[in-house]
Amino acid sequence: MALRLEELIDPGHTALITQECQNGVIGTQAVFPALTAHTGGLIPAVDRLAKAARRAQVPVVHCLAVRRPDGRGANANARMFGAAAKAPVLLAPGSDAAAVADGITVHPSDLVLSRYHGLGPMADTGLAAVLRNLGVRTVVGVGVSLNVGMLNFAMDAVNAGFQFVVPREAVAGFPPEYAEAVLANTFNAIATITTVDAVLAAWA
């Protein structure tokens, strides 16, 4: 039986997870400018959700991708990893490029998890264990990209037993028509697609 959104994202068992919402990914220092060109109002949408989550006592977790200057620990088994390694922007741990994007408030209560490898935030990062320790059953996932990272995130979360909810204005991919197709034809089968306003209303 399908749950109403208010039940599905009840603050007692839900977390808001940002995926690669970083200066070097969706900000002015973007590794992949083609993606940034299509993020539109993503940053303010994510910030609105994060602020509402804190008011509702929903945990907020920022998942960051980082890469050491020497590349140690990083994947090299896909073309996108090679492109990232050659990019002029390096997501070095502790750098401004690797930090949560300007415009998204980070509160002391937020958790921040970094990874050196993988396509998404749940592969051997400890995120699943952290969520279970918080009593989370539903993930509201936001960030980029619908092409790869968010898709991998959603599938891994579902495989790990979590419900996955996507506020459509708080995710992005490129080109836009492909992103819409992924939402309609893939996410629609594995997740609950909703709007930022609907989530905010449920958490109000």
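Where is the place of Phe32? Phe32 sits in the loop between α2 (23–26) and α3 (33–36). The legends below describe a predicted model.

**View 1. Phe32 in its loop.** The loop that holds Phe32 runs between α2 and α3. Phe32 is partly exposed. Its relative accessible area is 32%, and partly exposed means between the 20% limit for buried and the 50% limit for exposed.

**View 2. A nonpolar patch on the surface.** Three residues make up this patch: Phe32, Met80 and Leu119. Together they offer about 230 Å² of accessible area.

**View 3. The largest pocket.** The volume of this pocket is about 590 Å³. Its lining counts 28 residues. Closest to the pocket centre are Glu20, Phe32, Met80, Phe81 and Ala84. Helix α5 (residues 79–86) gives the most to the lining, with four residues. Phe32 and Met80 also belong to the nonpolar surface patch.

**View 4. Helix α4, end to end.** Helix α4 covers residues 42–55, 14 residues in total. Why should α4 span 20 Å? The expected span is 20 Å because each residue counts for 1.5 Å, taken times one less than the number of residues. The C-alpha atoms at the two ends of α4 are 20 Å apart, which agrees. Just after the helix, Gln57 takes a positive phi of about 60°.

**View 5. Cover over α4.** Helix α4 is mostly covered, with 10 of its 14 residues buried. The buried residues in α4 are Leu42, Ile43, Ala45, Val46, Asp47, Leu49, Ala50, Ala52, Ala53 and Arg54.

Key:
Residues numbered from 1 in each chain as written. Predicted model: local features only at pLDDT ≥ 70, side-chain atom pairs only at ≥ 80, totals over all residues. Heavy atoms only, no water. Buried < 20%, exposed > 50% of the residue type's maximum accessible area, 1.4 Å probe, protein only. Patch = residues over 30% accessible without salt bridge, like charges linked within 9 Å, V, L, I, M, F, W, Y side chains within 5 Å. Areas by Shrake-Rupley, 256 points an atom, 1.4 Å probe, with all protein chains shown as cover. Salt bridge = Lys/Arg side-chain N within 4 Å of Asp/Glu carboxyl O. 1 Å grid on protein atoms, 1.4 Å probe; cavity = no way out; pocket = protein on both sides within 12 Å on 5 of 7 lines; lining within 4 Å. Points joined across faces, edges and corners; volume = space filled by probe spheres on them.
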